[in-house]
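Please find below a colleague's note, set out as numbered points for discussion.

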Amino acid sequence: MQQKTLDRIGRRHSVEQFITAFEKLRQAADWKINTDLILGLPGENFDDAQDSLQKVLALNPDDITLHALALKRGSKLQMQISDEVHRISDFNLPSDEEVRKMSDAAEKLLRDKNYLPYYLYRQGYISGQIENIAYCKRGAECIYNVQIMNERQIIIGIGPAASTKVPDKKELRLQTSFNAKDLTTYLRDIDKYIDNRSKVLAQVY
């Protein structure tokens with residue numbers, strides 16, 4: 001909910017567009033809406049994190065998942081930090097201590113608003129060495145969130161950069177297929193990606 005952060009990390013939507021989309025979803029149907037926040041983004045401080053959470057709470061979502069920044073291998077930020085030009089100090093990342101303070105304060109605020117934690121998971125390379133935790137209103141637990149963390153959820157990927165993941169109970173593994181991220185490549189080879197997805201589903205069903 002900080003425009004300066006969205007601009008800094010290359011997100012191409014605005015805070016206003018997010019709010020508009022949220023409100024349109026609320027008006028369209030009576031369904032549960034999940035929101036995600038990331039703590040520890042470049043240039044953000046404790047006050048930014050609190051302000052973002054307050055603004056999300058004002059929208060009255062059913063579910064709020066608190067993530068901490070994870071510097072994943074191959075991500076643009078991780079590659080920049082690892083190159084010979086940049087230093088990690090160039091990115092103004094909050095310290096682990098600051099991220100833990102953000103998390104503790106967010107948990108208190110969410111509990112005060114009667115949001116209850118219902119699942120958590122850890123990631124590698126995560127700021128603050130904390131867990132990602134989902135909070136929700138009583139009775140609004142998102143089964144999809146729980147299922148996907150346990151790799152028990154079927155995901156049908158459609159479009160560029162989409163992934164299809166099908167749990168195979170016999171083989172005790174996920175069967176997967178991945179679409180190209182680049183739109184031109186995806187459109188050129190769309191029949192191949194549709195065929196790959198069909199083969200994955202056929203392996204299990």
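The points below concern a predicted model and treat its sheet, a helix, a hairpin, one threonine and the cysteines.

1. Sheet order. Four strands make up an open sheet, arranged as E1-E2-E4-E3 with mixed pairing. At its edges are strand E1 (34-39) and strand E3 (116-121), each of which pairs on one side only. From one strand to the next, the twist averages 20°.

2. The E1 and E2 pair. Strand E2 (residues 63-68) runs parallel to E1, and 6 bridges join the two. Within this pair, Leu37 has Leu66 of E2 as its bridge partner. As general background, strands of a sheet pair through backbone hydrogen bonds, in either a parallel or an antiparallel arrangement.

3. The helix across the sheet. Helix H5, which comprises residues 96-112, lies across E1, E2, E3 and strand E4 (132-136). Relative to E2, helix H5 runs at about 170°.

4. The E5 and E6 hairpin. Strand E5 pairs with strand E6 (residues 173-178) over 6 bridges, in the antiparallel sense. One position to inspect is Lys165, which stands opposite Thr176 in E6. The hairpin has 4 residues between the strands, and Leu172 takes a positive phi near 55°.

5. Thr164. This residue belongs to strand E5, which spans residues 163-168. Is Thr164 buried or exposed? Thr164 counts as buried because its relative accessibility is 1%, under the 20% limit for that class. Its side chain reaches the backbone nitrogen of Gly157 at 2.9 Å. Leaving aside residues up to four places away in sequence, Thr164 touches Ile155, Ile156, Gly157, Gln175, Thr176, Ser177, Arg197 and Val200. Gly157 is thus listed among the contacts of Thr164, and Thr176, also listed there, is the residue that Lys165 stands opposite.

6. Cysteines. How many disulfides does a search of the whole structure find? The search returns 0. For Cys136, the closest cysteine sulfur is that of Cys142, and at 9.0 Å the separation is too far for a bond; the cut-off for a disulfide is 2.5 Å. Cys142 is likewise in no disulfide, the nearest cysteine sulfur being that of Cys136, 9.0 Å away.

7. Accessibility of the two cysteines. Cys136 counts as buried because its relative accessibility is 1%. Cys142, by contrast, counts as partly exposed because its value is 22%, and the class of buried residues ends at 20%.

Notes: Residues numbered from 1 in each chain as written. Predicted model: local features only at pLDDT ≥ 70, side-chain atom pairs only at ≥ 80, totals over all residues. Heavy atoms only, no water. Buried < 20%, exposed > 50% of the residue type's maximum accessible area, 1.4 Å probe, protein only. Polar contact = N/O pair within 3.5 Å; in protein donor to acceptor, adjacent residues only side chain to side chain. Contact = heavy atoms within 4.5 Å. Pairing = 2+ DSSP bridges. Axes fitted to C-alpha atoms, helices over the stretch in contact; angles between N-to-C directions.
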